[in-house]
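Subject: Handover of a model

Dear colleague,

Here is the model to be handed over, with its sequence. My notes follow below it.

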Amino acid sequence: GTRITGDILSDGDIRIDGELTGNIDTKGRLVIGASGKVMGDIKCKSCEIAGKQKGKIFINEQLSLKASSTVTGDIVTGKLSIEPGAYFAGTCTMGDDSADNESN
């Protein structure tokens with residue numbers, strides 16, 4: 001039931017099970033739980049999404065979309081894993097250096 005409005009900057013790992021309206025920029029891993037909702041851009045090392053996300057996503061290593069996820073926006077990532085049942089609307093660019101170039 002937690003709702004946060006504002007940007008999050010971190011060097012560590014983050015897990016979101018509530019609602020965030022704002023951008024996330026972390027050098028660690030981001031997990032958006034099944035009850036989590038993020039309205040904003042994401043920049044991080046790796047990410048697992050089981051909830052909802054709307055905005056651009058820049059991942060240096062791997063993005064994993066779980067079956068319960070709903071993602072709307074453009075993705076730039078090194079690797080992408082999508083489980084059957086996941087919803088994704090947007091464009092996706094993959095490659096080892098694509099996320100590094102976009103997030104700098």
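Cys47 stands opposite Leu63, a residue of β11. The strands concerned are β9 and β11, which pair in the parallel sense over three bridges. Pairing here requires that DSSP find at least two bridges between the two strands. Strands (E, at least two residues) and helices (H or I, at least four residues) are DSSP runs, numbered from the N terminus.

Before going further, note that this is a predicted model, in which local features need pLDDT of at least 70 and side-chain atom pairs count only at pLDDT 80 or more, while totals for chains, interfaces and linings use all residues. Residues are numbered from 1 along each chain as its sequence is written, and side-chain values use heavy atoms, with hydrogens and water left out.

Overall figures

The protein has one helix and 15 strands. Its C-alpha trace spans about 35 × 30 × 20 Å along the principal axes. The radius of gyration is 12 Å, which agrees with a compact globule, because 104 residues would then give a value near 13 Å. That radius is taken over C-alpha atoms, and the globule rule is 2.2 Å times the number of residues to the power 0.38.

Of the 104 residues, 38% are buried. Buried means under 20% relative accessible area, exposed means over 50%, and partly exposed lies in between (1.4 Å probe, protein chains only). The exposed surface of the protein comes to about 5,600 Å², of which carbon and sulfur atoms supply 45%. Areas were computed by the Shrake-Rupley method with a 1.4 Å probe, and for residues only the protein chains shown count as cover. Among contacts (heavy atoms within 4.5 Å) between residues at least 6 apart in sequence, 4% join residues at least 24 apart.

The six-stranded sheet

Six strands form an open sheet with parallel pairing, in the order β1-β4-β7-β10-β12-β14. Its edge strands, each paired on one side only, are β1 (3-5) and β14 (87-89). From one strand to the next the twist averages 5°; the axes are lines fitted to C-alpha atoms, for helices over the stretch in contact, and angles run from 0 to 180 degrees between N-to-C directions.

At the β1 edge, three bridges join β1 to β4 (residues 19-21), and the two run parallel. Ile4 sits in β1 and stands opposite Leu20 in β4. Leaving aside residues up to four places away in sequence, Ile4 touches Glu19, Leu20 and Thr21. From Ile4 to Gly22, 18 residues on in sequence, the C-alpha to C-alpha distance is 8.0 Å. With a relative accessible area of 40%, Ile4 counts as partly exposed.

The other pairings

β3 (residues 14-16) pairs with β6 (residues 29-32) in the parallel sense over three bridges, and Ile14 has Leu30 of β6 as its bridge partner. β6 is in turn joined by four bridges to β9 (residues 46-49), again running parallel; there Ile32 is partnered by Ile49.

β11 (residues 57-65) is joined by three bridges to β8 (residues 42-44), and these also run parallel. Lys43 has Phe58 of β11 as its bridge partner. Seven bridges link β11 to β13 in the parallel sense, and in β13 the partner of Phe58 is Val76.

Three residues to look at

Thr26 lies in β5 (residues 24-26) and counts as buried because its relative accessibility is 4%. Two polar contacts of its side chain are listed below; a polar contact is a pair of N or O atoms within 3.5 Å, where within protein one must be able to donate a hydrogen and the other to accept it, and residues adjacent in sequence count only if both atoms are side-chain atoms.

- A polar atom of the Thr26 side chain lies 3.2 Å from the backbone oxygen of Ser10.
- The Thr26 side chain reaches the backbone nitrogen of Gly28 at 3.1 Å.

Beyond four places in sequence, the residues that Thr26 touches include Asp11, Gly12 and Lys43.

Asp11 belongs to the loop between β2 (8-10) and β3. Its relative accessibility is 61%, so Asp11 counts as exposed. With the same exclusion of residues up to four places away, Asp11 touches Thr26, Lys27 and Gly28.

Thr77 is in β13 (residues 75-82) and is buried, at a relative accessible area of 0%. A polar atom of the Thr77 side chain lies 2.9 Å from the backbone oxygen of Lys79.

Regards
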